[in-house]
Amino acid sequence: MALKGIRVIEMAGLAPGPFCGMVLADHGANVIRIDKLKGAIPDTLSRGKRSLAVDLKHTEGVGVVRKVCQHADVIIEPFRPGRISALSNFFCRLGCDSSLYAN
């Protein structure tokens, strides 16, 4: 598998993000999907992924995702511009270099 050993965190969202995660999983990447705690709906694009339901609006939830993201090679976040900022600067709270998320 071409992507064996690559760790991907996929924030659940609309089709382009989950589709990308599915393709990466199909090629051997280890994909962990982060779902909303309430209303997590399994979809047809979750083939080959593991799932973790977390409430990102609470400090404990952000802490769980921080631990998972510390060893990730890729983070897929399918939200519209500004949505991550609305979640209390989620990536900054992860302790990641914010310059990595300029795009």
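**Exercise 1. Find what joins the side chains of Asp35 and Arg33, and work out where Asp35 sits.**

Step 1. Look at the two side chains: Asp35 and Arg33 share a polar contact of 2.6 Å. That term covers a pair of N or O atoms within 3.5 Å; within protein, one must be able to donate a hydrogen and the other to accept it, and residues adjacent in sequence count only if both atoms are side-chain atoms.

Step 2. Keep in mind that this is a predicted model, where local features need pLDDT of at least 70, side-chain atom pairs count only at pLDDT 80 or more, and totals for chains, interfaces and linings use all residues. Residues are numbered from 1 along each chain as its sequence is written, and side-chain values use heavy atoms, with hydrogens and water left out.

Step 3. Place Asp35: it belongs to strand β2. Helices (H or I, at least four residues) and strands (E, at least two) are DSSP runs, numbered from the N terminus.

Step 4. Asp35 counts as buried because its relative accessibility is 9%. The cut-offs are under 20% relative accessible area for buried, over 50% for exposed, and partly exposed in between (1.4 Å probe, protein chains only).

**Exercise 2. Work out which strands pair with β2.**

Step 1. Start with β2 itself, residues 30–36: five of its seven residues are buried.

Step 2. On to β1 (residues 7–11), which runs parallel to β2 and is joined to it by five bridges. Strands pair if DSSP finds at least two bridges between them. Val8 faces Val31 of β2 here.

Step 3. Follow the chain from β1 to β2: it passes through helix α1 (residues 16–26), making a right-handed β-α-β crossover. Right-handed means that, with the strands pointing away from the viewer, the path from the first strand over the helix to the second runs clockwise.

Step 4. Now β3 (residues 49–54): six bridges pair this strand with β2, again in parallel. Arg33 sits opposite Ser51 of β3.

**Exercise 3. Decide whether Glu10 is buried or exposed, and list what Glu10 touches.**

Step 1. Glu10 is part of strand β1.

Step 2. With a relative accessible area of 0%, Glu10 is buried.

Step 3. Leaving out residues up to four places away in sequence, the residues Glu10 touches include Gly17, Val31, Arg33 and Ile76. A contact means heavy atoms within 4.5 Å.

**Exercise 4. Find which element has the highest mean pLDDT and which the lowest.**

Step 1. pLDDT is the predictor's confidence in each residue, from 0 to 100.

Step 2. β1 comes out highest at 93, and helix α4 (residues 90–93) lowest at 56.
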